[in-house]
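Biologist: Could you take me closely through one part of this model, the sheet and what packs against it? I would like a single connected account rather than a list.

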Amino acid sequence: MAKLILTHEVTGLGTAGDIVEVKNGYARNYLLPRGVAITWSKGGEKQVESIKAARAARAVASLEEAKELAAKLSSKPVKVQVKTGESGRLFGTVKVDDVAKAVEASGLGAIDKRKVELPEHIKSTGNYEATVRLHEDVSATIALQVVAAAKKK
């Protein structure tokens with residue numbers, strides 16, 4: 001088991017500043033390469049306090065913003081335009097990056113693609129829902145309308 005200090009929030013594992021123990025492969029192949037964690041050490045233990053202090057300062061300021069953004073995101077559906085075939089099936093799937101770009105294009109505000117969670121793979125046009133974690137205490141549900149993009153002639 002590897003002992004790590006999280007530098008960013010990881011769904012199902014913890015938030016920035018938490019000390020966690022995970023399997024070696026998960027640490028080596030996922031957490032460390034993405035930069036969301038650092039290896040634990042006595043020197044790193046001192047960084048935990050600064051990470052937590054910075055997180056607390058951002059949390060107080062961003063809580064109100066997160067609530068306002070959550071209300072905006074839940075208010076109207078977001079259209080995601082994608083390339084489709086004849087039968088309405090997508091070429092690939094809708095990715096979290098596509099959702100984040102569609103939210104920004106619709107004028108609802110900018111969201112980080114790492115905060116978007118899709119409950120299922122979206123492989124055809126239709127209506128779906130996505131969850132956005134805006135803050136520790138605030139998450140919003142976005143209604144997605146996946147539609148075919150206009151074909152170029």
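Modeller: In this predicted model, Val116 has Val132 of β6 as its bridge partner. The pairing behind that contact is a short one to describe, since 2 bridges join β5 to β6 (residues 126-133), and the two strands run antiparallel. On its other pairing, β6 is joined to β7 by 8 bridges, again with the strands running antiparallel, and a hairpin of 5 residues leads from β6 to β7. Arg133 of β6 stands opposite Ser139 in β7.

Taken as a whole, the open sheet has 4 strands in the order β4-β7-β6-β5, with mixed pairing. Its edges are β4 (78-82) and β5 (116-117), each of which pairs on one side only. Against this sheet packs helix α3 (residues 96-105), which touches β4, β5 and β7 (139-148) and whose direction makes about 125° with that of β4.

Turning to the interior, the largest nonpolar core has 25 residues, and those with the most contacts inside it are Leu73, Val94, Val103, Ile111, Ile142 and Leu144. At least two residues of this core come from each of α2 (42-75), β4, α3, β6 and β7. Val103 shows how these parts meet: leaving aside its neighbours within four places in sequence, Val103 is in contact with Leu73, Val78, Leu108, Gly109, Ile111 and Ile142. Apart from this core lies another, of 10 residues, among them Leu6, Val10, Val20 and Ala27.

Key: Residues numbered from 1 in each chain as written. Predicted model: local features only at pLDDT ≥ 70, side-chain atom pairs only at ≥ 80, totals over all residues. Heavy atoms only, no water. Pairing = 2+ DSSP bridges. Contact = heavy atoms within 4.5 Å. Axes fitted to C-alpha atoms, helices over the stretch in contact; angles between N-to-C directions. Core = buried A, V, L, I, M, F, W, Y, C linked by side-chain atoms within 4.5 Å. Buried < 20%, exposed > 50% of the residue type's maximum accessible area, 1.4 Å probe, protein only.
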